[in-house]
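Got your viewer ready? Load the model and follow along, one selection at a time.

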Amino acid sequence: MKVTRLNEITLIQYIAIVHGAQVGTGIFSLPKDIALNAGADGWISILIAWAVITLAGCVMLLLLRKFPDDPLPSLLGKIFGRRLGKLALLPFIVYFGCFGWIVMVNSMLYIKAWFLPKTSGFLIILLFAVPTFMLVRNGMRVIGRYAEFILYAMAWMPVFLLFPLSDGHWTNLLPILKDGWTPVLGSVRETLFAFTGMEILFFVYPHLKRKQYAFHGMVIANTLTMLLYTFVTILCYIQFPQDEIIQINQPLMHLLKIIEFRFLERFDMIFFALYLFVVSRSWSVYGFATAYSLGRLFNRENHTGMTVVYLLAILVIVFVSQPTWNQSVRFGDGMTIFNEWMLFVVPVVLLALVQIKALFGRRAQG
Amino acid sequence: MKRGLCYLALLLALLPAGCMDRMDIENISLALIIGLDLDDNNNLEVSISSPVFSREAKRKTEVYTAKSLTMRASQDEFDKTFKAFTSGGKSQILLIGKKLMMQKHWFALLDPLLRDPKNSTTARIVLVDGPVSEVIHYNPLDKPRLPIYLTYLIDTASHLNLATRTTLQELHSINLDKGITASIAELRFDDKIFIKGSALLSENGIYKLSIGDEETRLLRMLQGEKSGEFKFTLEHEGAAPGNGIVPRNLYTISAVKYSRRLKTGYAQDHFTFDFHFHIRVSLLEKLFPFDVLKSGDVLEAEIARKLEDKFRSLIQKFQQAKIDPIGLGRFARAYRYNEWKPVENKWSATLSDADINVKVDVLIAAMGSIR
Amino acid sequence: MFPFNLFSGKRRYSSARQNAGNKGVRPFMPEQSEGEEHPLDPDLSRNLEEVARRFPNWPDFIVFRFVSGSDQIPAALLYLDGLTDKKAINDNILQPMMSSQQGNSPTRFPEPTIGDVRRAHNWQKLEYAIMTGDCVLLLDGCAHAVVYNTSGWPQRSITDPQLESSLKGAHQGFVETAAQNLALLRRYLPNKELRIHKTIIGKRGKTTLFILYLADVAHPDVLEELRSRLDKIDVDAVINTGEVAEYIEDNPFSPFPQFILTERPDSAASQLLQGRYVVIVDRSPSVIIAPSTFISLFQSVDDYSSRWMIASFIRLLRFLAFFIALLLPAVYISFISYNYEVIPLQLFLSIAESRERVPFPPLLEAMLMEIMLEMMREAGIRLPASVGQTIGIVGGIVVGQAAVQAGVVSNIMVIVVASTAIASFILPSYDMGTAVRLLRFPMMIMASLFGLVGIVIGFMTILIHLMSLESLGTPYGSPLAPVRWSDMKDTFVRFPLWSMVQRPKSARPIQDKRAGRGRPRGDG
């Protein structure tokens with residue numbers, strides 16, 4: 001779809017989409033992943049990762065500013081020319097498709113573990129596919145509204161995490177930086193993966209109505225994600241000692257399990273069921289990126305058909321391969337390199353190419 | 001039109017396939033109480049007490065004990081006789097026999113309860129001084145169902161600080177945490193169920209010693225637990241014991257509010273811990289004449305002294321038994337990390353060499369309506 | 001308009017209807033272009049022959065021949081008995097004409113005391129005039145007929161609308177005559193900016209439609225869209241407003257109503273002030289308010305007559321009722337089939353005990369009770385009031401109790417179903433209430449298949465659907481999606497009137513200050 005007046009998004013929708021793309025299912029196991037490398041000081045690595053990602057986002061925005069109305073496919077077309085642009089689009093499609101897959105399959109695995117162990121994964125993904133199809137097909141406009149709405153509607157979630165605080169021990173966090181900076185810096189790479197989602201700017205930026213606030217929006221979105229992660233990590237560290245937390249697969253879920261009310265016993269089940277709203281933001285944005293790019297690859301105006309193709313592909317692969325936890329974790333690890341390339345290398349390379357082209361153009365003219 | 005048909009086909013495909021996880025509520029046998037014990041030949045015995053929903057049944061609970069190797073293996077035995085599918089999703093109480101708790105690695109038997117995400121980890125762990133089967137078969141006429149009764153009993157006792165309350169999750173945390181050892185509630189069966197106090201576990205998670213209700217209160221205060229009641233009955237030195245039938249030198253106080261300050265230090269090759277308590281006390285009973293208004297400070301000083309003695313003897317008990325239920329290791333780790341790191345794996349032994357001081361300041365806030 | 005063309009069930013005005021009017025049936029009114037006219041004959045007797053030929057054997061067609069005035073010119077008055085106000089004809093036309101002392105020439109007409117006088121030069125206009133209740137005067141020697149507006153068909157008096165009665169608001173409702181409805185609305189907005197467009201819809205029925213709006217407030221793009229959609233309607237007749245709404249709505253496959261249908265003039269007037277369009281349909285007491293939003297279906301006129309705190313409380317109650325009506329049976333099914341761990345222990349034991357005797361699985365039990373309830377509700381509509389109440393009590397209490405005793409349903413189920421029913425009655429808009437009633441069933445099915453996850457996915461689908469739905473091209477989910485904070489003053493709670501200074505943005509008004517300084521005042 002062209003970027004018309006009718007699918008413009010506001011600043012808050014922009015923030016909500018970027019933040020939503022970043023927060024997926026990683027948040028549940030994040031405290032354990034950090035603790036494995038950095039111990040109780042791991043939360044500092046989140047702050048460092050935030051700074052790094054914000055820098056990467058700045059570079060990305062510098063590039064995108066030169067193409068204010070072009071989502072990724074047309075941007076590549078302008079840099080590389082039509083044929084080569086389509087070729088260059090292919091790895092991006094694979095990238096976004098794989099990330100959408102990761103988020104969806106991880107969510108499916110969580111649901112299987114906590115709610116429906118005997119139901120086949122294929123069926124659960126089919127369930128997810130229905131609202132995802134509706135969301136992706138309607139494009140950035142509805143995704144923006146949905147993301148914004150969920151941002152407000154689920155803002156109460158972090159508050160509930162404060163309930164077990166009185167049983168916690170602040171002393172678990174002290175002393176700060178007890179083993180020095182080395183373990184903290186070592187775990188930054190791991191933490192960076194949790195901030196994946198920034199590259200969705202390639203698709204979101206052109207729709208933003210007031211582009212002068214794009215930079216501010218990106219920083220705010222990143223900060224929201226960082227605050228959320230830090231909050232959750234610190235709370236988990238307060239509640240569980242380090243020696244235990246490295247043995248728990250999903251510390252956040254265990255934290256939720258402790259919450260008990262008189263009228264509602266297993267609050268974690270309700271919480272996770274509602275968390276599906278939050279995660280659906282993430283995989284739909286990736287799905288949109290993939291479907292839209294696929295659509296442009298085959299020169300279609302309307303990417304509805306491609307949405308069906310993408311979802312069907314996921315369904316078929318899930319049906320055939322029946323992914324397990326371990327496979328999913330290994331796949332995620334494999335994607336880390338891809339992710340780092342996308343976040344750091346690609347914007348720089350593209351920016352450089354644009355500058356070179358401009359330089360040649362000027363030389364040709366003058 | 002074509003799309004509509006596609007959607008319809010999709011929906012129809014969903015319908016029969018989705019019901020596999022359904023477990024209707026009346027078809028579940030909830031294992032509300034799980035009991036683990038060793039019999040005379042040191043075989044594992046697993047007992048389950050589960051409520052019965054059928055109107056036609058006369059008794060409201062069904063109990064069964066099975067011998068098996070592990071907990072999960074025992075589930076088959078239960079399914080052979082129970083009316084419905086057994087499920088651990090709502091376990092309230094875990095009763096562990098003392099014999100079992102003295103075995104190394106007994107906690108590993110509870111692994112399935114922690115591993116299955118559908119299980120509840122807020123079940124309270126209780127040590128039974130005696131055979132578990134006596135407790136689990138107890139079915140009095142004047143009380144509600146055993147699981148409900150026991151849950152309320154434990155929770156109330158914990159609130160009154162007669163016993164500590166530890167859930168499965170907390171025990172798992174504490175066992176892994178190198179800076180603290182566990183304390184759980186203890187009960188015994190003597191025609192009725194009585195709370196005995198708290199049972200303290202060693203570093204390895206096996207049973208070490210028991211403490212009574214007064215000592216539990218002291219332990220809670222040392223841990224910094226603010227909620228609940230803290231009642232102490234003390235002997236007044238200035239009064240004679242009386243004729244032996246009515247004790248004329250006793251008085252009872254309740255700590256209404258207190259603050260605990262703990263300083264962690266390291267001097268001369270061992271750790272030092274200095275506790276400083278400020279306690280506001282109200283007088284609950286006084287069996288001898290004493291003018292509290294005039295000579296209140298004398299009483300306050302005496303209460304402070306007596307409490308300090310009690311704290312000291314309890315701490316000595318801990319140090320001799322090489323356990324750390326107070327959690328001093330956490331403070332050592334937080335404030336003296338460099339000295340903690342080398343000894344973190346043998347903390348309890350290190351603690352027995354530590355220097356622990358307690359100072360108490362008491363203020364009588366209220367004495368009641370009579371002098 | 002771009003979003004209107006988006007795929008998925010958005011209606012393209014079906015060409016199926018295109019040919020319905022001309023399919024081999026001889027049209028009663030021949031399509032006539034401007035040039036072709038059948039002029040009247042100056043000779044009265046020949047005209048009357050033509051009249052007899054065109055209106056053969058109509059029992060209610062009256063031809064009254066008389067001689068007018070002192071000139072004794074033969075004249076004939078034609079009208080349809082029943083459609084005309086005979087007193088007006090008598091007093092205001094016949095009387096003066098027959099008793100007039102002035103000389104009447106073919107060129108000078110008597111002055112009847114009727115306001116609306118027109119001339120008809122051809123038979124088509126004459127026929128139309130007669131069939132819409134006007135009376136036609138034919139004078140000998142005159143080549144045109146005079147049409148007097150004497151319409152006086154039977155209509156009911158103005159009463160409180162049944163479905164939308166209010167406690168403190170006006171007790172007037174629209175009636176079936178468009179002119180009267182127009183008058184009722186004009187009373188609320190005697191303002192030059194109130195514009196009225198008239199269109200006629202339906203080849204046979206020829207229903208008059210009035211589109212009303214405030215010219216300096218309502219957005220012209222929306223008017224364009226509305227008019228183009230109305231013009232595309234090509235049917236024989238529209239009987240009710242509901243039909244018009246269905247022809248012009250954005251998404252006929254959505255369970256949610258995209259326009260408000262109201263019978264209250266005060267409600268319609270306040271919507272006009274927000275910059276929306278009102279479509280009055282002749283012969284139907286409901287008017288269409290377009291565009292509308294999801295939230296406006298939760299607002300009722302009483303909210304603004306009561307104090308704002310109590311109005312806010314009731315508004316919140318309505319939202320709670322919406323969720324209860326939609327989700328309670330589904331949540332109940334999912335808790336007792338899939339996620340029993342969430343229920344506290346005591347409740348669990350009592351539910352399990354009561355469900356133990358029921359032979360049906362939860363979904364079947366719930367469906368049974370819900371369908372019973374829907375049948376009772378439908379039955380209640382057709383029963384006269386006195387019998388209806390008794391049946392309600394008998395059906396509800398006795399049958400429900402007996403069912404529990406017999407062990408066919410559990411008593412918790414009865415509570416759930418009763419609460420759901422009560423909750424769905426709280427919603428002020430009938431269409432929204434029925435939408436929720438309908439959506440309950442898919443939610444129950446999802447819950448019985450997948451438990452809590454099914455409910456979440458179902459609700460997600462509904463949410464996304466609402467967010468992508470549009471009403472005349474304006475977003476239906478406003479002010480929730482896209483979030484418009486200034487409109488939130490009248491969404492979940494009602495802020496005091498003095499704080500609601502701006503008109504809601506959802507209708508895209510071009511002049512958005514409704515209170516305070518700096519706004520155009522009144523007729524300005």
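Is B:I279 buried or exposed? Select B:I279: this residue is buried, since 24 other C-beta atoms lie within 10 Å (buried takes 20 or more other C-beta atoms within 10 Å of a residue's own, exposed 12 or fewer, partly exposed in between, with C-beta atoms placed from the backbone).

A word on the setup: this is a predicted model, where local features need pLDDT of at least 70 and side-chain atom pairs count only at pLDDT 80 or more, while totals for chains, interfaces and linings use all residues. Residues are numbered from 1 along each chain as its sequence is written, and chains are lettered from A and ligands numbered from 1 in the order in which they are written.

Next, color strand β13 of chain B, residues 270-286, which holds B:I279 (strands are DSSP runs of E, at least two residues; helices are runs of H or I, at least four; both are numbered from the N terminus). Now add B:A255, B:Y258, B:V360 and B:V362, which B:I279 touches, leaving out residues up to four places away in sequence (contact means C-beta atoms, placed from the backbone, within 7 Å). Pick B:D361 too: its C-alpha is 6.1 Å from that of B:I279, though 82 residues separate them in sequence.

Then zoom out to where chain B meets chain A: 20 residues of chain B and 23 residues of chain A take part. On the chain B side, α1 (2-17), α7 (168-176) and α10 (328-335) each give at least two residues.

Last stop: chain C against chain A, with 24 residues from chain C and 32 residues from chain A. Highlight helix α15 of chain C (residues 452-468), which supplies the largest share of the chain C side, ten residues.

How values were computed
Contact = placed C-beta atoms within 7 Å.
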